[in-house]
Amino acid sequence: MNPLESLVRSYAETDPPGVARQLEGLDPAGAGKILDKLSVQGALKVLESLNAAAGARIVETLEPVRAAALLGRTPPRIAAALLQPMTPEKREAILAFLGESGAQPLRQQMLYAPDTAAGMMIPQV
């Protein structure tokens, strides 16, 4: 790992909201490249701090297998909020990598708008 990658990873681990704000200000493809370089734990912390609209645009730029690996470890409420704004094709490509047991809770959560009471609840699985 080069020094710049090490610095970015350290920043993501110590200030995920700060990194999220920075990524939200970049073009989605550039932000996705940075997110993709983070460790899984660092990327998860940043994902949880992104606003849903910007986060969806960023996650859409990732390879579906990487996006699924991250969203599969994200709380369903947050993962669903990131998946909802995506194109149906991209959303389904990501969900396919989660398998039926991983995708079903997210599909259930996506039945509700993220800013409603039902959308904020964690479904029982």
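A salt bridge is counted where a side-chain nitrogen of Lys or Arg lies within 4 Å of a carboxyl oxygen of Asp or Glu. The legends below describe a predicted model, in which local features need pLDDT of at least 70 and side-chain atom pairs count only at pLDDT 80 or more, while totals for chains, interfaces and linings use all residues. Residues are numbered from 1 along each chain as its sequence is written, and side-chain values use heavy atoms, with hydrogens and water left out.

**View 1. Glu92, Glu100 and Arg107 are linked in a network of salt bridges.** Within this network, the side chains of Glu92 and Arg107 meet at 2.7 Å, N to O. Glu92 has a relative accessibility of 37% and counts as partly exposed, and Arg107, at 27%, is partly exposed too; the term covers values between buried (under 20% relative accessible area) and exposed (over 50%), with a 1.4 Å probe and protein chains only.

**View 2. Salt bridges join helix α3 to helix α1 and to helix α6.** Helices are DSSP runs of H or I with at least four residues, numbered from the N terminus. Glu5 forms a salt bridge with Lys37, and their closest N and O atoms are 4.0 Å apart; Glu5 belongs to helix α1 and Lys37 to helix α3, 32 residues apart. Asp36 and Arg66 also pair through their side chains, at 3.0 Å from N to O, and this pair connects helix α3 with helix α6 across 30 residues. Asp36 is partly exposed at 40% relative accessibility, whereas Arg66 is buried at 17%.

**View 3. Lys90, in helix α8 (residues 88-109), is buried yet has no salt bridge.** The nearest side chain of opposite charge, where Lys and Arg count as positive, Asp and Glu as negative, and His and the chain ends are not counted, is that of Glu63, 6.4 Å away. Leaving aside neighbours within four places in sequence, Lys90 is in contact with Val59, Glu60, Leu62 and Pro64, contact meaning heavy atoms within 4.5 Å.

**View 4. Leu35 and Val46 touch the most other members of the largest nonpolar core, which has 32 residues.** Such a core is a set of buried Ala, Val, Leu, Ile, Met, Phe, Trp, Tyr and Cys residues joined through side-chain atoms within 4.5 Å. Not counting residues up to four places away in sequence, Leu35 touches Leu23, Ala43, Val46, Leu47, Ile58, Leu62 and Arg66.

Definitions and conventions:
Helix = DSSP H or I, 4+ residues; strand = E, 2+ residues; numbered from the N terminus.
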